[in-house]
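Please find below a short note on the structure, set out as numbered points for discussion.

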Amino acid sequence: MDISGEQHLDIRHDIFKKRIDAHSNVIEVKQDGIGAPKIEKPLQRDGGRLEHNEKYCGSCFGAETSDDDCCNSCEEVRDAYRKKGWALSNMDLIDQCKREGFIQKIKDQEGEGCNIHGSLEVNKVAGNFHFTLGKSFHQSNVHLHDLLALEKDIYNISHRINKLAFGNNFPGLVNPLDGVQWVPETPNGLYQYFIKVVPTKYTDIRGRTVQSNQYSVTEHFRGAESGRSPPPGVFFFYDISPIKVTLKEEHETFLHFMTHICAIIGGIFTFAGIIDSFIYHGQRAIKKTM
């Protein structure tokens, strides 16, 4: 999301997600349908069961926008309810969700984490990208997250950032969030990173140029306040600096090199003079005492 109004929900292009257990081991994903209850005849929109040679048209359970609307999956029923602005709290009563084993899938994922890697293309304006629980959607120009399907009140948003970069790597680049890990003392809450991105042009000694970015960051955690808890997740708010930094590798000139040599030699003579002065005064003091 950015200040130009552009929004992308549930991004899948160039973003890869893996289920992991509490020890960060990748969990093998089962094929869809495994573990779901066997319901031979799905429920039709008119209340009857699907008969042979009939076309399936599932009920949207009151959330239809027209008489021709069909909801043939649990996700389609949930989308229909979201468009209406209704809460779908009891998934066990939805035929499509029972047939797909939706509730059991949620229970099977208890205690799991998620490994995410990939890349995003963003506009050069202030915005944010975030990782949150539940299904994201818009209702009356408000960005919302549906957590009802998770049927929980406590969420763990502990996380580790292996790498976060705004552009290509170049020698000397330091990304301050690489390797950062955070474990909350209390459940739920919203963890925020405020990032200032500085465009950077790097030119090596051979004249090759890399257009990239550096960034600085501050952090903030928002917990539950007055009984109200923000959506659990990790948010990255970024802003693009109007100033561009140019870095260039260059050979030192011979004159510059000689200046360094003279400075070093001068420093050696000065230090030697100080030591000699201490020794001389020390010897004089000894002679006087004798």
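The points that follow cover strand pairing, one strand residue and a surface patch.

1. The model under review is predicted. The comments below should be read on that basis.

2. Strand β10, residues 233-240, is paired with strand β3, residues 127-132. The two run antiparallel and are joined by six bridges. Within this pairing, Gly 127 has Tyr 238 of β10 as its bridge partner.

3. Strand β10 is also joined to strand β8, which spans residues 190-203. Here the direction is parallel, and eight bridges connect the two strands. Gln 192 has its bridge partner in β10 at Phe 235. Strand β10 is thus bridged to β3 in antiparallel fashion and to β8 in parallel fashion.

4. Thr 246 belongs to strand β11, residues 245-248. Is Thr 246 buried or exposed? Its relative accessible area is 56%, and because exposed residues are those over 50%, Thr 246 counts as exposed. Along the chain, Thr 246 and Pro 199 are 47 residues apart, while their C-alpha atoms are separated by 8.7 Å.

5. Which residues make the nonpolar surface patch of about 210 Å²? The patch is made by Ile 11, Leu 120 and Val 122. Leu 120 lies in the loop between β2, residues 113-118, and β3. With a relative accessible area of 38%, Leu 120 is classed as partly exposed, because that value falls between the 20% limit for buried and the 50% limit for exposed.

Methods
Residues numbered from 1 in each chain as written. Predicted model: local features only at pLDDT ≥ 70, side-chain atom pairs only at ≥ 80, totals over all residues. Heavy atoms only, no water. Pairing = 2+ DSSP bridges. Helix = DSSP H or I, 4+ residues; strand = E, 2+ residues; numbered from the N terminus. Buried < 20%, exposed > 50% of the residue type's maximum accessible area, 1.4 Å probe, protein only. Patch = residues over 30% accessible without salt bridge, like charges linked within 9 Å, V, L, I, M, F, W, Y side chains within 5 Å. Areas by Shrake-Rupley, 256 points an atom, 1.4 Å probe, with all protein chains shown as cover. Salt bridge = Lys/Arg side-chain N within 4 Å of Asp/Glu carboxyl O.
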